[in-house]
Amino acid sequence: MIATHLPVLLILAPLLGAVLAALSRNGFAAWLIALVASALTATFSLALLWRVQAEGVISYRLGGWAPELGIEYRIDAVNAFIVVLIGIVAFLTMIFARRSVLAPERIAWFYTMMLLCVAGLLGISVTGDAFNAFVFLEISSLSTYTLIALGRDRRALVAAYQYLIVGTIGATFYVIGVGLLYLITGTLNLGLIVERLGAIESSRALIVAEAFIVVGIGLKLALFPLHAWLPNAYAYAPSSAAVLLASTATKVAIYLLARFLFTVFGGHVDVGQVPLGSILIGLSLAAMFIPSAAAVFQNDIKRVLAFSSLGQIGYITLGLALANPTGLTGGLLHLFNHALMKGAAFMAIGAIVLRTGTAKLDELSGIGRTMPWTAGALTVAGLALIGVPGTSGFVSKYYLILGSMEAGLGWLAILIVASSLIAVLYVGRIVEVIWFREPALAAREASEAPGELLLPMLILAGVTIYFGLDAEWPAGLASAAAQALLGVAR
Amino acid sequence: MTETFGPLSPALILILSGLLLPLLRGPLRNALFLFAPVAALVLVWALPLEPGLAIDWLGLHLVPLASDNMSRIFGTAFGIAAIAGALYGVSQPSVTEKAAALVYAGAAQGIAFAGDLVTLFVFWEILAIGSTLVIWSNGNTRAGLRYALIHVLGGVLFFAGISAEISASGSVAMHAMRADTIGRWLMLSGILVNAGALPLSAWVADAYPKASWSGAVFLSAFTTKAAVLVLIRLFPGEPALLWIGLAMAIYGLIYALLENDIRKLLSYSIVGQVGFMVVAVGIGSPLALAAAALHALAHILYKSLLMMAAGSILRSTGETRLTELGGLFRVMPFTAVAMLVGGFSLAAMPLTAGFISKSAIFAALAEDQARFYWFALMAISTGSVLYIALKLPWFALFGQRRSDVAVEPTGSMKAAMGGLCALIVALGCFPAWLESLAPEIVGVPILTVDHILFQWLMLIAASCIFIGLFALLRPSVGSTLDVDWLWRELPRQVIPFSNGIRDRFRKPADRGLSQAKQGIALFSQAFQSRLRMAGNWRTGEVAAWATALLAIYVLIAAL
Amino acid sequence: MTVTGRKILFALVAVLALLVVVDSFVTHHPSFGIDGTPGFAAWFGLVSAAIAVVVAYGWGLLMRRPGERADD
């Protein structure tokens with residue numbers, strides 16, 4: 001009984017949790033609710049993955065209404081992969097979020113917003129309805145604006161406001177594109193859109209629809225040069241919110257982009273003529289180099305990590321642009337691995353901020369002496385960002401390099417390696433300061449992070465190493481997802 | 001048998017110890033710093049001579065630990081260099097340098113024992129990072145950056161070559177090859193960058209003297225010799241190596257003869273001596289390869305010793321320029337003896353290790369009837385006597401003293417130098433030891449009367465010329481132009497030059513220019529602050545970009 | 001050249017001449033013929049060392065710049 005309703009339970013758990021957390025008005029109770037809700041979500045997501053692997057595509061009709069009228073949740077290898085990622089990261093983040101530095105009366109709201117954000121992100125991932133995806137996009141975005149604004153720094157408000165404006169533009173573009181699609185096909189269900197697109201003769205409107213949707217989602221996923229909202233948003237959001245956003249929010253947007261590019265537009269012959277692939281390669285390359293270079297010059301570690309996220313998003317979109325099985329596997333695998341490593345990194349810097357009150361690199365000299373575990377997790381994450389062999393980052397970059405070779409773009413492989421060298425610079429700077437400098441005042445007075453912060457952080461760091469040595473499970477998932485995406489395209 | 005050691009390789013011990021080192025304190029740190037290289041050397045000999053555990057990873061057949069005779073020779077050399085270097089530098093206060101030195105030594109061992117191209121590349125990069133940190137830890141960031149960039153270039157070339165090779169052959173195994181495809185040329189040039197070959201050889205003499213008194217000892221031992229090993233494994237008998245090596249030997253000789261700074265002189269001499277090894281690799285016969293390996297071993301020993309002596313002088317007097325030194329024999333006798341022993345070993349004086357390895361190289365050239373290279377290298381070898389066994393001691397150790405000795409070398413420094421002196425002489429007196437290490441050289445006549453006499457005639461002839469042409473050999477303060485002028489000086493020259501041009505055209509267009517100048521200044525200011533403040537865009541800019549992207553996209557679609 | 005220099009040079013040339021004489025009494029194992037002739041090492045050493053010094057001196061005249069470089 002429960003098994004058949006898994007897709008909707010996945011959304012309901014965080015949604016109801018959010019309501020309860022809001023009603024509880026008590027920080028600890030709200031945290032407990034959030035923890036239970038996210039634990040349920042993680043369980044459901046794993047169960048869902050297991051069912052998809054066993055039975056194939058799951059179609060769930062909300063309230064029993066058939067598509068066109070009703071909303072369909074459609075889960076295949078691609079969404080199951082994303083959903084598991086969100087479920088697990090959300091659960092670990094909730095453990096981490098126990099130590100909150102917010103004012104007491106705001107804590108319950110904070111957990112409410114975290115749960116709402118998770119619900120929204122999961123909703124985007126499971127729904128098979130273009131407009132429903134927009135609704136969930138708005139749920140997650142609205143809660144994200146609030147989360148960022150809850151940051152202690154006054155600049156958080158500006159960052160939240162900027163993201164609000166940019167996010168709204170993105171959502172509007174997206175909804176315009178969906179509206180055009182509706183005009184052409186008369187349906188909002190993605191499956192039906194694909195079916196009916198085959199019969200469409202004029203592709204003009206379709207191309208415009210694609211343009212709006214791609215740019216709209218591009219804003220959401222911080223595709224270069226639409227990235228400017230992201231660094232400040234991540235830097236000034238509360239630490240645990242930054243973990244959640246960095247690990248999941250942009251990833252879901254990338255999923256949505258992949259879904260539209262491959263499943264929807266890939267199905268139509270004419271759209272293939274638009275050189276989206278080469279545009280996307282160009283933008284991805286720009287993302288791999290320019291924001292990474294900016295990361296080298298940042299002093300705030302959170303901003304270093306945020307800029308590095310922009311660069312890493314470039315690798316993921318590069319995988320999408322390559323559009324061959326190996327390259328796409330690499331892109332999706334990097335999506336997965338990057339969520340884990342960046343989660344670990346943001347958790348580590350969150351713990352450092354909790355103990356020292358600063359994320360400024362020049363004030364954190366020698367923090368490795370007093371917070372060795374935290375600094376160790378940050379180092380592992382940093383090595384994975386570079387793509388050092390033995391970390392998960394290497395495996396996904398390796399697939400990307402193979403993918404570019406397969407596509408006959410050997411120079412791209414060289415650029416992938418060359419851009420990783422920029423990561424050596426910004427990670428090297430952090431490592432040098434936190435380990436090799438004599439401890440500064442902040443470091444001498446700090447003590448190791450509390451257990452509930454260390455546990456999820458070390459799990460993520462450990463998994464980053466583990467998936468670097470034995471990549472079979474994530475690579476299998478990513479490869480299945482890539483095949484699902486490309487299989488429809490053919 | 002190998003299974004008992006599992007993945008425990010000399011490389012791993014050293015690298016892990018290097019990473020652990022910053023966490024330790026005081027005596028414990030020094031104990032680990034001294035112990036790790038010893039453990040690594042023990043393991044070099046404990047490993048059986050067979051490929052170790054293979055790991056299938058991402059569809060690649062990796063052999064991270066494969067021991068054979070060649071890896072044992074180089075492993076021994078790297079191991080002794082690490083032990084001696086650690087003993088010598090144990091009183092060095094910089095933690096970064098010590099940690100980086102261990103990682104660096106570990107990477108060299110990793111290269112010696114790598115059984116496939118991927119493992120090789122991984123250690124290759126660790127080697128570059130470790131050595132950069134050793135240089136960096138002494139504070140000269142610009143030189144460290146130049147060094148890093150050269151090695152990034154070498155690494156990228158090497159990587160491109162390796163990926164081409166793997167995608168062409170489908171295998172990551174290491175095997176002998178000729179530079180006959182673009183991919184292999186890329187690989188060869190990547191290796192040669194690390195070996196210090198022309199035209200980029202300038203990095204050696206630029207970077208090594210920037211390290212601390214103890215750091216330079218490590219630097220002189222690993223990078224170039226690891227590159228020689230890789231050449232032995234991948235490109236034995238490659239004809240191009242003959243003239244490349246000869247060019248290196250000539251370059252090293254001429255620049256060392258002209259140099260005033262002891263540690264720069266020794267760095268040029270590294271390039272020259274590696275040139276001998278590269279020529280031997282180019283010959284490619286079993287004897288030649290063994291000779292190259294033994295010369296690498298001997299060179300690591302005597303060059304470490306010479307760098308130690310130079311470091312000791314630097315530490316005691318704060319000076320390494322020959323024009324500012326002199327008469328040190330009386331005040332630093334121990335260091336002086338070390339410098340003489342090292343120098344005579346490089347000059348292939350009989351009864352030193354260098355004599356055996358150089359004899360082996362010439363025997364290999366003779367066996368292959370490489371007449372031209374035999375005579376050319378013999379001439380260069382005679383020339384190198386001039387700078388290492390005559391000029392260096394003459395101006396640094398004898399004559400009038402020009403600088404004060406502030407601190408005595410520590411006991412551990414003396415122990416390291418003494419140990420290396422003893423080893424060099426012992427290896428030279430008992431050629432059987434080196435013969436057992438590389439059985440290929442057993443037939444080479446070494447300690448025969450005519451051979452020893454030959455070498456003595458050479459040495460004395462060179463001494464005659466040294467005295468006779470003394471006026472031409474006097475060191476002078478200055479620097480010799482090298483290819484690194486292109487990236488060190490040219491930018492500085494071009495900017496005033498272009499300023500000069502601007503001045504000439506200034507009057508007619510003064511106004512416009514000053515406006516443009518302001519504009520450029522504003523722009524560059526804006527650009528700099530932009531990079532720092534990147535991401536602090538105005539919301540409108542983001543929106544504009546989004547619109548622009550949308551417009552471009554639709555436009556392309558419409559056309 | 002100083003007086004001491006001249007004395008040292010004289011002594012060295014004497015030793016060299018003596019060794020050349022000794023060289024003509026030992027059996028050689030030449031690789032290329034000429035390198036087995038008595039005294040070969042002496043004249044070859046003199047010539048090649050002289051060439052090395054002169055070439056290096058000439059190169060120094062061309063490429064040696066006085067003064068230290070900015071970040072040496």
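This is a short talk on the chains of one predicted model, from its nonpolar core to its two contacts and a few backbone details.

Okay, hi everyone. Before anything else, please keep in mind that we're looking at a prediction.

Let's start on the inside. The largest nonpolar core in this model has 426 residues. If you want to find your way into that core, go to Y174(A), F260(A) and F222(B), the residues with the most contacts inside it. And which element gives the most to it? That's helix α14 of chain B, residues 286-317, which puts in 21 residues. For anyone wondering about the background here, in soluble globular proteins nonpolar side chains tend to be buried together.

Let me stay with F260(A) for a second. Leaving out residues up to four places away in sequence, F260(A) touches A130(A), Y174(A), L181(A), L190(A), I213(A), I217(A), F265(A) and G266(A). You'll recognise Y174(A) in that list, another of the residues with the most contacts in the core.

Now, the contacts between chains. I'll take chain B and chain C to begin with. Chain C has 72 residues, and 33% of them are buried. Its secondary structure is 2 helices and 1 strand, and from the N terminus they run α-α-β.

So how many residues does each chain bring to this contact? Chain B brings 56 residues and chain C brings 46 residues. Together they bury about 4,400 Å², with carbon and sulfur atoms giving 70% of that area. As a reminder, the size of an interface is often given as the accessible area lost when the parts come together.

What about charges and polar groups? There is 1 salt bridge across the interface of chain B and chain C. It's between the side chains of E259(B) and R64(C), at 4.0 Å from N to O. The same interface has 8 residue pairs in polar contact, counting pairs with both residues at pLDDT 80 or more.

If you look at the chain B side of this contact, several elements give two or more residues, including α7 (141-169), α12 (240-258), α17 (353-367), α18 (371-397) and β3 (479-480). The one that gives the most is α21(B), with 15 residues. By class, that side of chain B splits into 32 nonpolar, 11 polar and 13 charged residues.

Okay, let's turn to where chain B touches chain A. Here the contact takes 34 residues from chain B and 45 residues from chain A. The buried area is about 3,600 Å², and carbon and sulfur atoms account for 77% of it. Three residues to click on are W57(B), L58(B) and Y553(B): they supply 18% of the area that chain B buries against chain A, more than any other three residues.

How many salt bridges turn up between chain B and chain A? The count is 0. Polar contacts also come to 0 residue pairs, with both residues at pLDDT 80 or more. On the chain B side, the elements giving two or more residues are α5 (95-113), α7, α25 (510-532) and α26 (539-558). The largest share comes from α26(B), with 12 residues. And the classes there are 26 nonpolar, 5 polar and 3 charged. Notice that α7 of chain B is listed for the side touching chain A and is listed for the side touching chain C as well.

Last topic: some backbone details. Where are the cis peptide bonds I want to show you? One runs from F224(A) to P225(A), with omega near 0 degrees. P225(A) sits in the loop between α8 (204-220) and α9 (229-236) of chain A. Another joins L198(B) and P199(B), with omega about 5 degrees. P199(B) is also in a loop, between α8 (182-195) and α9 (202-207) of chain B.

Go back to that chain A loop, between α8 and α9, and you'll find A222(A) there too. A222(A) isn't a glycine, but its phi is positive, near 60 degrees. Is A222(A) buried or exposed? Buried, with a relative accessible area of 1%.

Chain B has a residue like this to look at: A348(B), not a glycine either, has a positive phi of about 60 degrees. You'll find A348(B) in the loop between α16 (333-346) and α17. A348(B) counts as buried because its relative accessibility is 1%, and the cut-off for buried is under 20%.

That's the tour. Thanks, everyone!

Terms used
Residues numbered from 1 in each chain as written. Chains lettered and ligands numbered in written order. Heavy atoms only, no water. Core = buried A, V, L, I, M, F, W, Y, C linked by side-chain atoms within 4.5 Å. Buried < 20%, exposed > 50% of the residue type's maximum accessible area, 1.4 Å probe, protein only. Helix = DSSP H or I, 4+ residues; strand = E, 2+ residues; numbered from the N terminus. Contact = heavy atoms within 4.5 Å. Buried area = accessible area lost by both parts, 1.4 Å probe. Polar contact = N/O pair within 3.5 Å; in protein donor to acceptor, adjacent residues only side chain to side chain. Nonpolar A, V, L, I, M, F, W, Y, C, P; charged D, E, K, R; others polar.
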